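Me: Got a minute to go through a model with me? I'd like to start with the charges and then wander around a bit.

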Amino acid sequence: MIAMPSHTATVAMEVNDTTVAAAVETRTSLAEFLRVQAGLTGTKLGCEHGVCGACTVLVDDEPTRGCLVFAAQVDGKKVRTVEGLADGRALNRLQQAFHENFGLQCGFCTGGILMSMTSLMEKEPNPSREQIVEWLSGHLCRCTGYETIINAVLAAVAGGEDLR
Amino acid sequence: MTWQTSSHRSTPMVAARSVGRSVLRSEDPRLLSGGGRYLADLSLPRELHAALLRSNEAHSRLLAVDVSEAQALPGVHLVWTGADVATFCQGIEGALAVDGCIATVMPLLARDTLHYVGEPIALVVADSRAIAEDAMELISVTTEPLPPVTDPNAALEAGSPLANEQLAGNVGLRGGASFGPVDECFAVAHRVVEETYHTGRLSPTPMETRGVIASYDWASQELKLWTSTQMPHLIRYFVTAYLGIQENLVEVLTPDTGGGFGQKAHLFVEELLMPLASRELNRPVKWVEDRRENLMVAGQAHEQFITIALALDSDNHITAMRTRALGDGGAFHQPPWSMAVEPWCAAAVTPQGVYNVKTLEYTYEAAATNKAPVGAYRGVGYMAGTYAREAIIDEAARAVGMSPFDFRRLNVVKQLPWVNGQGVTYDEGSWLESIDRLEQMVGYEEFRERQLAARAEGRYLGLGISVFVESTGESTAMGKAHGLPDVYHDTATVRMDPNGTVTVTLGLTTQGQGNRTTAAQVAADMMGVRPEDVTVIAGDSTRHTYGSGTVASRGAIIAAGAIGRAAGPLRDKLLAVAANMLEISTDDIELADGRASVRGDSEASVSIADVATSVYFDDSVWPEGFDPGLEATFAYDAGRPMFSNGAQAALVEVDPFTGFVTVDTMYVIEDCGTVINPGIVDGQIRGGAVQGIGAALFEQLLYDDAGQLTTTTLMDYHLPTADVIPVFKIEHLQTPSSHTWNGAKGMGESAMIAAPAAVLNAVNDAIAPFGAILRDIPITPEDVLRAIGQVTD
Ligand code: FES
Ligand code: FES
């Protein structure tokens, strides 16, 4: 077998309100771009095949598996990651609710889950428990057994509409 | 306010201001804002990236490995095969120190033979992981097939091919013991119930895979080794032993760890290969496991065939039992737990569980197969052992026409202390009470009515229960009590600074259990300050205090014990200086809420910060001959085994058309003594129980007859998701241990230990109207449909 020749592309995107531009190999995934080029390691890789959801970020407000898209596909778009969630130097309401409800243990799955739940709450300010469970089912958490995560999101939802 | 007392050693009366409360985790804000630094998040200047070419055959002669093309690829710095690394290290030896375990030596990279799919053949180090993987494609491997050994039962038959030439007869472990007149009891038994149960092969699947970064510096000769491990000190010991690097020159560092569950409590070849490559190249070398590798090779677990026979008398008392546990061990012993720990623990440690059976015999065996080595996973040995025992208890209850609660109540040990057949004394617990409480919690009679009503509508509900006792707090004494002569101990340093804040340094690492928070609670109460005033350094470098590893439900007991011992003398100093400041006897002073106060006089007090300042800077209030400073280091090893116990019930519904099992509710009774932090403890219960539900219904690593692993993605290996979890009802019975520092007992594994049997028993209860019974997990929808006769072929 012959090794693949590598190609590079210049990619620029707005990550958490800051423009990040870099020349990368075209095979670079969005998650890798965020972790290496943008230096934002809060986006995790748990499987690199689209199942675990640890790599979930918002691309133009849509939850997206960072391991399944190439950075080049996101050129010119807006990306939000877990590092952009906090309200200044305080946890935002969703993060705070995870804290108060023991919604995390090792924290490896947490960033991706927070991004999906952010998107859910932006689309549906008052989601039902069933909707939360449905959205959460796209994520794997090996530590918590999920119940405290559901409770955390319910608590955040009960706290009002504006996530900040 | 509650006061906790304990007769253990010299435990002082401590005001329990934070122990017992759901103190929010200090770990969270950093992890919630993306600030966690896990292994893959670290990068070092000039680092190179490693990938491992792994066998895609289960059993073959390895005739040739040609790496020349790979070596020539631009960006590749090193390609090693088995022969290259054998010059540095012949391999790692594995065995458990129990009777009948036969050691193996596992090469770092395969030499003459490939023993399992995933066995590493070559190491490639390159400028990037992608280039390393490109180079792997250029390596050509020539092999000649050997017969694969995939069935552990067949493996032990005479004439079976060998899975690993080091293990004659494919026996990696064989032993057993007999206590009392077992044969006579069976000969005169009114009834004998005997069945075989199979627990599937699992992957612990922490969401963070394994990873290693090694950085060797020729000038200082120092090696820094970052690894995602539960036992950094043991890794350092192994690294120095196998690679001949002096211990003082090796630092093992443990960054944030994304779950371990026992998988990360082993020595893996990658932890030796990366240091070797770094030393060779004089550059940092980083290896991050991908999910396929994790499922393929990173410590598979729990697969056993367990046969149990119960002898019953005419009053339905169990008079004797026989247990045979057979583990499917894979091709090598993975140190330190090896293929032995699973069947040995299932058969030898507590085959009788909470039941009053002193006449018993057991055998344990591990068969070598051409599969990846097994290791420890949460509840190692206990889960499968409890699974089989609680399953046959249910079958026996059904056979004699008793309710599962009544049959258990009849046979449970009612009077503690109790010495089991093997001579182990069980002195604390709530064994009978946990069964009674569980029955009330589920509302058993009322459930039976609901079940009947549902059946009339064609719906199949089932209730299954599972009762356990676990030896927790892995210590030297616990190992010895059960026949495993290993030595465990941990050290803590506690320091109070001049302004009254505290730093605790532990040898215990954390993989998400929140040990930093619970340790801070224990230290805070000892020193009379708030948990927010305590920083805990939890095993993140071997430069800090020694620890035997965060394994086997030992964190709470061992951390509390070590912190308690180290904080004791500091507490005495605070009391002595405060007494001088307040001009009163030390006996009349309480340390709590940040103040040293005179008991019964709310006005007379001085802040602990002021006392600490005086200890450092004001010798006028020092007692005669005062030993200055506020820092102490002590080691701790629990003096005896500590037994947690509990009971669980699963309420399930089985869909007779799809075969799908829904777990509606898990009822949990847990007695882990003093609950340090209910939020954290209940989190361990939920997480463990959901892992148990995964084991019971969804998860299985599957090998085909050729020894090919067919479950190499998370699409094939099904972890439980949020839409399949039950509602939890959790109650604590608190029997504080008089043997631990603050009465806490271990509990990290208990829910995983108990849940699978509860689910199986519930499914069997649900499908009983079909005359069907299942004995193997995971229970797939197809298994259910076959059992109830909906699918035949
Ligand atoms: S890493 Fe992208 S889904 Fe798992
Ligand atoms: S908190 Fe560990 S995987 Fe979710």
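Reply: Sure. For the charges, Lys and Arg count as positive and Asp and Glu as negative, while His and the chain ends are left out. Keep in mind that this is a predicted model.

Me: Fine. How far apart are the mean positions of the positive and negative charges of chain A?

Reply: They are 4 Å apart, with 13 positive and 19 negative charges going into the two means.

Me: And what's the fold pattern of chain A along the sequence?

Reply: It reads β-β-α-β-β-β-α-α-α-α, which comes from five helices and five strands.

Me: What radius of gyration does chain A have, and what would a compact globule have?

Reply: Chain A comes out at 16 Å, and a compact globule of 164 residues would be near 15 Å, so the two agree. The C-alpha trace spans about 55 × 35 × 25 Å along its principal axes.

Me: How much of chain A is buried?

Reply: 55% of its 164 residues count as buried. The area that chain A exposes is about 6,800 Å², with 49% of it supplied by carbon and sulfur atoms.

Me: What about contacts across the sequence, what share comes from residues 24 or more positions apart?

Reply: 55%, taken over the contacts in chain A with a separation of 6 or more.

Me: Let's zoom in on α2 of chain A. Which of its residues are buried?

Reply: In that helix, residues 93-100, the buried ones are A:Leu94, A:Gln95, A:Ala97, A:Phe98 and A:His99.

Me: What covers them?

Reply: The cover includes α3 (110-123) and α5 (147-158) of chain A, and also α1 (28-32) of chain B.

Me: What goes on at the two ends of α2(A)?

Reply: At the start, a side-chain oxygen of A:Asn92 comes to within 3.1 Å of the backbone nitrogen of A:Leu94. After the helix comes A:Phe102, which has a positive phi near 55°.

Me: Which residue in the loop between β1 and β2 of chain A has a positive phi?

Reply: A:Asp17, with phi near 75°. Its loop runs between β1 (8-15) and β2 (18-25). Most residues other than glycine have a negative phi.

Me: Is A:Asp17 buried or exposed?

Reply: Exposed, because its relative accessibility is 70% and the cut-off for exposed is over 50%.

Me: OK, chain B now. What's the phi of B:Gln221?

Reply: Near 65°, so to speak another positive value in a residue other than glycine. B:Gln221 is in the loop between β13 (211-217) and β14 (222-227), and at 44% relative accessibility it counts as partly exposed.

Me: Where are the cis peptide bonds you'd point me to?

Reply: One runs from B:Leu416 to B:Pro417, with omega near 0°. Another joins B:Ile777 and B:Pro778, with omega about 5°. B:Pro417 is in the loop between α12 (404-411) and β22 (418-419), while B:Pro778 is in the loop between β35 (776-777) and α21 (781-787). Most peptide bonds are trans.

Me: Switching again: where does B:Gln511 sit, and is it buried or exposed?

Reply: B:Gln511 is in the loop between β26 (502-506) and α16 (515-527) of chain B. It counts as buried because its relative accessibility is 3%, and buried means under 20%.

Me: What does B:Gln511 touch?

Reply: Leaving out neighbours within four places in sequence, its contacts include A:Cys106 from chain A, along with B:Thr229, B:Gln230, B:Thr257 and B:Thr550. B:Gly258, B:Gly259 and B:Gly260 are in contact with B:Gln511 too. Its side chain also makes a polar contact of 2.7 Å with the side chain of B:Thr509.

Me: And B:Gly75, what does that one touch?

Reply: B:Val125, B:Ala126, B:Asp127 and B:Ile131, again not counting residues up to four places away. B:Gly75 and B:Val125 are 50 residues apart in sequence, with 8.8 Å from C-alpha to C-alpha. B:Gly75 lies in the loop between α2 (68-72) and β5 (76-81) of chain B.

Me: Last one: which strand holds B:Glu731?

Reply: β34 of chain B, residues 727-732. B:Glu731 counts as partly exposed at 26% relative accessibility, and its contacts beyond four places in sequence are B:Arg437, B:Met441, B:Val668, B:Ile669 and B:Glu670.

Methods: Residues are numbered from 1 along each chain as its sequence is written. Chains are lettered from A and ligands numbered from 1 in the order in which they are written. This is a predicted model: local features need pLDDT of at least 70, side-chain atom pairs count only at pLDDT 80 or more; totals for chains, interfaces and linings use all residues. Side-chain values use heavy atoms; hydrogens and water are left out. Helices (H or I, at least four residues) and strands (E, at least two) are DSSP runs, numbered from the N terminus. Buried means under 20% relative accessible area, exposed over 50%, partly exposed in between (1.4 Å probe, protein chains only). A polar contact is a pair of N or O atoms within 3.5 Å; within protein, one must be able to donate a hydrogen and the other to accept it, and residues adjacent in sequence count only if both atoms are side-chain atoms. Contact means heavy atoms within 4.5 Å. The radius of gyration is taken over C-alpha atoms; the globule rule is 2.2 Å times the number of residues to the power 0.38. Accessible areas come from the Shrake-Rupley method with a 1.4 Å probe; for residues, only the protein chains shown count as cover. The place of a charge is taken as NZ of Lys, CZ of Arg, CG of Asp or CD of Glu.
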